[in-house]
Amino acid sequence: VAPAEWRYVKEDDPLHSKTHDRFILDGTYLTPPRTSTKTPSLVVECSAGKVDQNYFNTGVVVVHREQNQHGPLFIERRIDGKKKDLLSTGLSTDGQSVFFTRIDLKDVLAAKQVIIGVYEYLGAQVVLQFDIPDPSPVMEKCGEDKILKRTDRINKKAK
């Protein structure tokens with residue numbers, strides 16, 4: 001199995017008169033959904049050196065047993081073996097992508113492995129794993145973001 005790598009896509013956004021730098025990292029299902037049609041991915045989009053959005057595309061319609069309509073959505077995660085909740089800032093309109101904070105993104109980029117669990121609509125928990133490669137390509141395009149500003153952990157990993 002080849003080591004995980006960031007895929008880079010440059011996209012023009014004529015509506016907002018911006019160019020986006022998009023980084024995509026494919027993951028794997030440890031516990032797959034009922035019907036698997038996609039590969040899960042971690043996506044980071046930036047423009048002008050700052051993060052516009054970051055999310056896990058789960059490949060399934062996500063619900064959460066504790067989610068109420070107006071409250072935050074907490075996703076179970078494990079970063080380098082340590083359990084911690086990830087605070088979601090929302091779901092995509094198709095319900096398959098879970099947006100999360102840039103503070104959590106900083107932790108994700110500094111990690112070696114991230115495992116998250118989400119609940120599939122009318123299904124069980126789906127568990128996804130991401131092996132995080134060197135964050136340097138992402139930091140080169142998104143590193144002006146004040147929350148992502150290089151920390152010692154990310155600097156050490158990038159060297």
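Let's start in the loop between β5 and β6 (62–63), where you'll find Gly-59. Keep in mind as you look around that this is a predicted model. Gly-59 has a relative accessible area of 8%, so it counts as buried, the cut-off being under 20%. What is Gly-59 in contact with, once its neighbours within four places in sequence are left aside? The answer is Tyr-29, Lys-38 and Gln-96. Ser-41 is 18 residues away from Gly-59 along the chain, and their C-alpha atoms are separated by 8.2 Å.

Now step over to strand β6, which is home to Val-63. This valine is partly exposed, at 30% relative accessible area. Together with Val-61, Tyr-121 and Leu-122, Val-63 makes up a nonpolar patch on the surface, and the accessible area of the four comes to about 370 Å².

Next up is strand β9, residues 97–100. In a regular strand, side chains alternate between the two faces of the sheet. Here both faces are covered: Ser-97 and Phe-99 are buried on one side, and Val-98 and Phe-100 are buried on the other. β9 runs antiparallel to β5 (residues 50–57), with 3 bridges joining them, and Tyr-55 has Phe-99 as its bridge partner. Strand β8 (residues 82–91) is also antiparallel to β9 and joined to it by 3 bridges; there, Ser-88 is partnered with Phe-100. The hairpin of β8 and β9 has 5 residues between the strands, and Gly-95 in this hairpin takes a positive phi near 75°.

On to the charged side chains. The structure holds 11 salt bridges, and one of them pairs Arg-34 with Glu-120, with the closest N and O atoms 3.6 Å apart. Arg-34 sits in the loop between β3 (28–31) and β4 (41–47) while Glu-120 belongs to strand β10 (residues 113–120), so this pair ties together parts that are 86 residues apart in sequence. Are the two partners buried or exposed? Arg-34 is exposed, with a relative accessible area of 58%, whereas Glu-120 is buried at 7%.

Finally, take a look at Asp-107. Its side chain forms a salt bridge with Arg-77 (3.6 Å, N to O). Because Asp-107 lies in helix α1 (residues 102–110) and Arg-77 in strand β7 (residues 73–79), the pair ties together parts 30 residues apart in sequence. Both Asp-107 and Arg-77 are buried. Asp-107 also meets Lys-84 in a salt bridge, at 3.3 Å from N to O. That second pair links helix α1 to strand β8, 23 residues apart. Lys-84 is partly exposed, at 44% relative accessible area. Add Asp-104, and you have a network of salt bridges linking Arg-77, Lys-84, Asp-104 and Asp-107.

Methods: Residues are numbered from 1 along each chain as its sequence is written. This is a predicted model: local features need pLDDT of at least 70, side-chain atom pairs count only at pLDDT 80 or more; totals for chains, interfaces and linings use all residues. Side-chain values use heavy atoms; hydrogens and water are left out. Buried means under 20% relative accessible area, exposed over 50%, partly exposed in between (1.4 Å probe, protein chains only). Helices (H or I, at least four residues) and strands (E, at least two) are DSSP runs, numbered from the N terminus. Two strands pair if DSSP finds at least two bridges between them. Contact means heavy atoms within 4.5 Å. Patches are made of residues with over 30% relative accessible area and no salt bridge: like charges are joined within 9 Å, nonpolar side chains (Val, Leu, Ile, Met, Phe, Trp, Tyr) within 5 Å. Accessible areas come from the Shrake-Rupley method with a 1.4 Å probe; for residues, only the protein chains shown count as cover.
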